[in-house]
Amino acid sequence: IVLARRALELEPELPEALKALGICYVYKGQYRTALDYYRSALRLDPDYDEVIFNIAEIMQILGRWDEAVEYQRLDTSRPKGLERLSIYLRDLGFNEQAAALVQEFKQDLPVSIFTADNRSVHYLLNGKYDQARMAVDRMQRTDPNTVGGWLRSGEIDLFSGDLASAAKNFESARQAGGGFQDYANLRVAQLQLLEGKRVSAVHLLKQVEANALRAISNGHEAWFHRWNLAFVYSLTGESDKALDWFEQAVDSGRRRYEWDELEPAFRPINDDPRFQAELQRQRDLRQEMKRNTAAILGDAEPVS
């Protein structure tokens, strides 16, 4: 941040420096501040495709998926931009449009971890476990060390009932470290509780709790720390706290209601009216975003 501000002192209208500041604040989890810098960069250079990409990415994180589509449509000259637009459209149910975009970029971007990851989510949520595993295999062929591949494999195992394999995959992800450490710890603890290993499970959950609370107190705006806390407290039987944090996760942009309906960690609170109300709020927001996206695309209709 200090270096980017120094660059702006030397050249006050340098869009690259504004973009750099935006990236810094993304890593701090202060997305609205990051957006301000990205938008300032875009005003200076309206064709700055990397900044358009960055803005769309933040819109997705904040749960404004229709706005992510709207921005990403301005950055389709690059395969990377086409790929990200296909992901946003698939998440909103525009499957035919997403598939058409994949055909456009696959010659220049033949194997992409992000497309495979996105497809694996949709296959998993629709109970197509074999196809989900094939998508994960593509992820791991692209990057054998990707922690996301281990985590997704574990999730497929968990949702399909192969708990022994899930435990191995989640532990592999936990040992690998990286930016998914808290999530890996959640999953390992979840399975340890099922095995009766409460002491070690609670130890991991306390780590996740402390990290999430610290991040939020430092101004992190994303939904995932709040969702992690809902996960922790649901597992430990603190239902009111779990519901409080789940509501805050939705406030902060959580929009994957299909996952939350199936998530085993939320079974203790699944029948609670507050939890069901938040699922419905996510559904309603997604429907609104689908309608907005259909208008952006013209005569396209979303697939239910």
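Start by selecting Asn-185 and showing whatever touches it: leaving out residues up to four places away in sequence, you'll find Arg-174, Leu-204, Gln-207 and Val-208. Keep in mind as you click around that this is a predicted model. Asn-185 sits in helix H12, which covers residues 181-194. Is Asn-185 buried or exposed? Its relative accessible area is 2%, and the cut-off for buried is under 20%, so Asn-185 is buried.

**Next stop: H13 against H14**

One of the contacts you just lit up, Val-208, also takes part in the next stop, where H13 meets H14. Select residues 198-217 for helix H13, then add H14; helix H14 is residues 223-235. The two pack at an angle of about 145 degrees, and their axes are 9 Å apart. Try turning the view until you can see the crossing of H13 and H14, which is left-handed.

Now show the side chains where they meet. On the H13 side, pick Leu-205, Val-208, Glu-209, Ala-212, Leu-213, Ala-215 and Ile-216. On the H14 side, pick His-225, Arg-226, Asn-228, Leu-229, Val-232, Tyr-233 and Leu-235. Colour them by class and you get 10 nonpolar, 2 polar and 2 charged residues in this contact.

Stay on H14 and zoom in on Leu-229, which lies in this helix. With a relative accessible area of 0%, Leu-229 is buried. What does Leu-229 touch, not counting residues up to four places away in sequence? The list is Glu-209, Ala-212, Leu-213, Ile-216 and Trp-245. For a sense of scale, draw a distance from Leu-229 to Gly-148: they are 81 residues apart in sequence and 20 Å apart in space, C-alpha to C-alpha.

**Into the core with Trp-227**

Slide along H14 to Trp-227, which lies in this helix too. Trp-227 has 3% relative accessibility, so it counts as buried. Which residues should you light up around Trp-227, again skipping those up to four places away in sequence? Go for Tyr-183, Phe-246, Ala-249, Arg-254, Trp-259, Asp-260, Glu-263 and Phe-266.

Two of those names come back straight away. In the largest nonpolar core, which has 48 residues, Trp-227, Phe-246 and Phe-266 touch the most other members. Helix H14 gives the most to this core, with 7 residues. There's also a second, separate core of 39 residues, and Leu-42, Val-51, Met-59 and Leu-92 are among its members. As a general point, nonpolar side chains in soluble globular proteins tend to be buried together.

Before you leave, draw a line from Trp-227 to Met-139. These are 88 residues apart in sequence and 25 Å apart in space, C-alpha to C-alpha.

**A side trip to Arg-281**

Select residues 273-297 to bring up helix H17, where Arg-281 lies. Arg-281 has 28% relative accessibility, so it counts as partly exposed. Leaving aside neighbours within four places in sequence, Arg-281 is in contact with Glu-247, Val-250 and Asp-251. Want a long line across the screen? Arg-281 and Asp-75 are 206 residues apart in sequence and 30 Å apart in space, C-alpha to C-alpha.

**Three helices: H4, H6 and H8**

Select residues 49-61 for H4 and residues 79-91 for H6. Their axes are 11 Å apart and the packing angle is about 20 degrees. That angle is under 35 degrees, so H4 and H6 are roughly parallel. The crossing of H4 and H6 is left-handed. Show Phe-53, Ala-56, Glu-57 and Gln-60 in H4, then Lys-80, Arg-84, Tyr-88 and Asp-91 in H6, and you'll see where they meet. By class, this contact has 3 nonpolar, 1 polar and 4 charged residues.

Keep H6 on screen and add H8, residues 113-125. The axes of H6 and H8 come within 10 Å and cross at roughly 10 degrees, so H6 is roughly parallel to H8. From H6, pick Glu-83, Arg-84, Ile-87, Arg-90 and Asp-91; from H8, pick Phe-114, Thr-115, Asn-118, Arg-119 and His-122. This contact divides into 2 nonpolar, 3 polar and 5 charged residues.

**Last stop: Leu-3**

Finish in helix H1, residues 2-10, where you'll find Leu-3. Is Leu-3 buried or exposed? Its relative accessible area is 73%, so Leu-3 is exposed. Draw one more line, to Tyr-71: it and Leu-3 are 68 residues apart in sequence and 28 Å apart in space, C-alpha to C-alpha.

Conventions: Residues numbered from 1 in each chain as written. Predicted model: local features only at pLDDT ≥ 70, side-chain atom pairs only at ≥ 80, totals over all residues. Heavy atoms only, no water. Axes fitted to C-alpha atoms, helices over the stretch in contact; angles between N-to-C directions. Helix = DSSP H or I, 4+ residues; strand = E, 2+ residues; numbered from the N terminus. Parallel < 35°, antiparallel > 145°, perpendicular 65-115°, else oblique. Left-handed = near helix turned anticlockwise from the far one by under 90°. Contact = heavy atoms within 4.5 Å. Nonpolar A, V, L, I, M, F, W, Y, C, P; charged D, E, K, R; others polar. Core = buried A, V, L, I, M, F, W, Y, C linked by side-chain atoms within 4.5 Å. Buried < 20%, exposed > 50% of the residue type's maximum accessible area, 1.4 Å probe, protein only.
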